[in-house]
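Please open the structure in a viewer and keep the sequence panel at hand. The stops below proceed from the whole chain to its individual elements.

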Amino acid sequence: MIRFNDILEQVTAYNPQVDLDFLKKAYIFSAKVHKGQVRLSGEPYLIHPLEVANILARLRLDTASVVTGLLHDTLEDTFASLEELRENFGEEVTQLVDGVTKISKITLKTSEEDQAENFRKMILAMVKDIRVILVKLADRIHNMRTLKYQLPSKQKTTAQETLEIYSPLANRLGIEWIKKELEDLSFRYLHPDIYTDIQRRIAKKEKERERYIEEVKRIITKKLFEYKIEAEVMGRPKQIYSIYKKMNAQDIDFDQVYDLTAFRVIVNTVKQCYEALGILHSLWKPVPGKFKDYIGLPKANRYKSLHTAVIGLYGERMEIQIRTSDMHQVAEEGIAAHWKYKEEKFTEGEDDKRITWLRQLLEWQRELQDNSEFLETVKMDLYPNDVYVFTPKGEVKEFPRGATPIDFAYSIHSDVGHRCIGAKVGGRLVPLKYQLKSGDSVEILTSPNHKPSKDWLKFVKTSRAKTKIRQWIKKEQRERSIALGREICEKEFRRFSLNFAKLVKSGKMEKVTDDFGFQAVDDLMASVGYGKISSKQIVGKLVPPEELEAGDKKKESRIEKIIQLVQKKPQDAIKIQGVDDMMVRFASCCNPLPGDRITGFITRGRGITIHTVDCSNVLNNDPQRKVKVEWDLRHKHTHPVRIRVICTDRKGLLADISSSITSNEANITNAQLNTTQDKRAICTFAVEIKDLNHLRKVIASLEKIKGIVTVERLKI
Ligand code: MN
């Protein structure tokens, strides 16, 4: 059983200045909060964090990482809180523990490959600190080593997940021993029969192989020494999982796998690597197509080596890797090397502790122009365009950067999108404009009566959401236009004693529809609603010309007047919730100005009337008909505003006032003047104003004029 002192000894060996008290504090804390908990093996739970810390110490990681190993399960499995951790161990460790906990919470459908791919990408995207992954890998190794205590079904899922995610991750991070151990452990639980069989066969040949390894080692070392190359030669049986892969890929039996042993030649310099290669190729015949120069063209995970295969002593194929000891270290430790504790004298001038994951990735990017597997993944960090978030069920969803809860809602179902009224991220309410971050877990709130807003188009990022919102708006607009068109027609029809419903029933409307070249009556009505066809034109098709004239002599319908009036108004200065092309008019009671807080009222058949929110008529109107409106500030139109100026009645004052107004680029359309008995003048101007700011400017400059007492905007 592992003891805490073993870890302390290990850490002290590579980091003599280690803060032992900090480590001890973490150990005591972990022991306290995990007290009473046991593993499935029956051992005290504390064994697990100790083992994890031990693996991290084996990776020679810094103190924060080892401490995180001791504490990594405290947030998830005990009552310890983030605050408690922060208080006791500071921000760095707390962030690390929190990161590890977040990753552990991810549930995963291992059967789906792209889900796994998402997960991998997500991990890279979500962790700001690579040490989180290193701790998670250490955690996984210990869990895999003790997997036999789990239920068989759980064993399979965990093993599958490990093989699909964690060992590739270790590979991408360049930590070879972790990758191999995880692969073999997973394979053992996924295919226990094949695993045992290969293991047994390897064992059977063990003596034979040991002799063989010794022989090859001796030959290589001696030969290289002749050329004054000092080399360390290692021979090792191939990993069980890679033997299996080879058997599978080449469809061969175990006995046909010749290169069960791989050799590694470690030399001092890069030059010697190539020299050694030449020497070995002259010694044994190289297998064509097997030479790979990963020194000239390193792998994306920074792996460097020369690989070759030769026909060996007994006509067998022999794999050989040639590398320097530096390259060997990189291959074994990968990214972990960067978080390794280093004594100051070895830091080579770089602020190694602060090397960020990103900087590392950028370096790799520069080194590697060719497309390689890892690069695809790290691109995520280099060009952080994607975010990965979770559904409440723990599924991963991918979005472009800047995506919002609306995008998320539409990715579930268009109805969820249409009815989305809000969202919770990590249990907290967020605005609909909130930009999703990787790792967020998102819950959408809906209301059955809610409708999409046109404004959403301004901030949604996915084309799916955009399309669905546009479709909805179009449909909604069409429905409104049909209703409006029909109402306009019905009113016009009444003047000629026509009944809309009867006309439809008798098929007359159908004929008119046809005459105008539309498919359906609704299409015709929509066209009337949009103002493209007038109700008069329709009546013209239904009644003889003499009746039409008679009808015209009647008082022109109020509605027509209003439509004419309205159509001259700059209606595109207003945006209405989710609707385009509605008729808009500004209430004459309050004459709203862009910048004023406004509200709209639907008047059936008359479009929407805009008031300022404080207009007294607003209170009298039916709240049911209220619609949300806002200014579309892209459109510059002028609006009539009445301004009352009270001033002393002095000579030339009117000229001063009018020049002040015009110098502010406002146009006076009307002016009224009254003088009072106390020698004051009350002037009322109608001025064309662009917006509220414009008005403020005009008023401010009026107030500066000598003799002006008050300036105010008239609202009634
Ligand atoms: Mn754990």
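A nonpolar core is a set of buried Ala, Val, Leu, Ile, Met, Phe, Trp, Tyr and Cys residues joined through side-chain atoms within 4.5 Å. That notion will be required at the second stop; the model itself is a predicted one.

**The whole protein**

Begin with the complete protein in cartoon representation, where 30 helices and 21 strands make up the secondary structure. Of its 716 residues, 50% are buried. Of the contacts between residues at least 6 apart in sequence, 66% join residues at least 24 apart. Switching to a surface representation shows about 37200 Å² exposed, with 49% of it supplied by carbon and sulfur atoms.

**The largest nonpolar core**

In soluble globular proteins, nonpolar side chains tend to be buried together. Select L23, L71, I178 and I198: these are the residues with the most contacts inside the largest nonpolar core, which has 71 residues. Next, colour helix α8, residues 130-145; this helix gives the most to the core, namely nine residues. Centre the view on I178 and display its surroundings. Leaving aside neighbours within four places in sequence, I178 is in contact with L59, L137, I141 and A170.

**The manganese site**

Which residues are the protein donors of the manganese ion? Select H48 and H72, each donating through NE2, together with D73 and D139, each donating through OD; these donors lie 2.2 to 2.3 Å from the ion. Along the sequence, the donor residues follow the spacing H-x23-H-D-x65-D. The pair D73 and D139 links distant parts of the chain: D73 is in the loop between α4 (63-71) and α5 (74-77), whereas D139 is in helix α8, 66 residues away. Both D73 and D139 are buried.

**Strand β2 and its partners**

Move to strand β2, residues 261-267, in which seven of seven residues are buried. In a regular strand the side chains alternate between the two faces of the sheet. Show the side chains of β2 and inspect either side: T261, F263, V265 and V267 are buried on one, and A262, R264 and I266 are buried on the other.

Now add the strands paired with β2. Strand β1 (residues 232-237) runs antiparallel to β2 and is joined to it by six bridges; E232 has I266 as its bridge partner in β2. Strand β6 (residues 317-324) pairs with β2 in the parallel sense, also over six bridges, and here V265 stands opposite I322 of β6.

**The three-stranded sheet**

Proceed to the open sheet whose three strands are ordered β10-β9-β11 with antiparallel pairing. Strands β10 (428-430) and β11 (442-446) are at the edges with a single partner strand each, so one side of each has no neighbour in the sheet. On average, and ignoring direction, neighbouring strands of this sheet are turned by 35° against each other. Helix α18 (residues 405-412) packs on the sheet and touches β9, β10 and β11, its direction making about 80° with that of β11. To examine the pairing, select β9 (residues 420-425), which three bridges join to the antiparallel β10; V425 stands opposite R428 in β10.

**The four-stranded sheet**

The next selection is an open, antiparallel sheet of four strands in the order β19-β20-β18-β21. Which strands stand at its edges? They are β19 (667-675) and β21 (708-714); each has a single partner strand, so one side of each is left without a neighbour in the sheet. Neighbouring strands here are turned by 20° against each other on average, direction ignored. Strand β18 (residues 639-648) and β21 run antiparallel and are joined by six bridges, with R642 opposite L714 of β21.

Add two helices to this view. Helix α29 (residues 653-663) lies across β18, β19, β20 (680-689) and β21, at about 20° to β20. Helix α30 (residues 692-703) lies across β18, β20 and β21, at about 160° to β21.

**Two loop residues**

Most residues other than glycine have a negative phi, and most peptide bonds are trans. Finish with K228, a residue other than glycine whose phi is positive, near 60°. K228 is in the loop between α12 (206-226) and β1. Is K228 buried or exposed? Its relative accessibility is 74%, so K228 counts as exposed. Then select E665, in the loop between α29 and β19. E665 also has a positive phi, of about 60°, and counts as exposed because its relative accessibility is 61%.

Terms used. Residues are numbered from 1 along each chain as its sequence is written. This is a predicted model: local features need pLDDT of at least 70, side-chain atom pairs count only at pLDDT 80 or more; totals for chains, interfaces and linings use all residues. Side-chain values use heavy atoms; hydrogens and water are left out. Buried means under 20% relative accessible area, exposed over 50%, partly exposed in between (1.4 Å probe, protein chains only). Contact means heavy atoms within 4.5 Å. Two strands pair if DSSP finds at least two bridges between them. Axes are lines fitted to C-alpha atoms, for helices over the stretch in contact, and angles run from 0 to 180 degrees between N-to-C directions. Donors are N, O and S atoms within 2.8 Å of the metal (3.2 Å for Na, K and Ca); water is not among the atoms, so sites may look incomplete. Accessible areas come from the Shrake-Rupley method with a 1.4 Å probe; for residues, only the protein chains shown count as cover.
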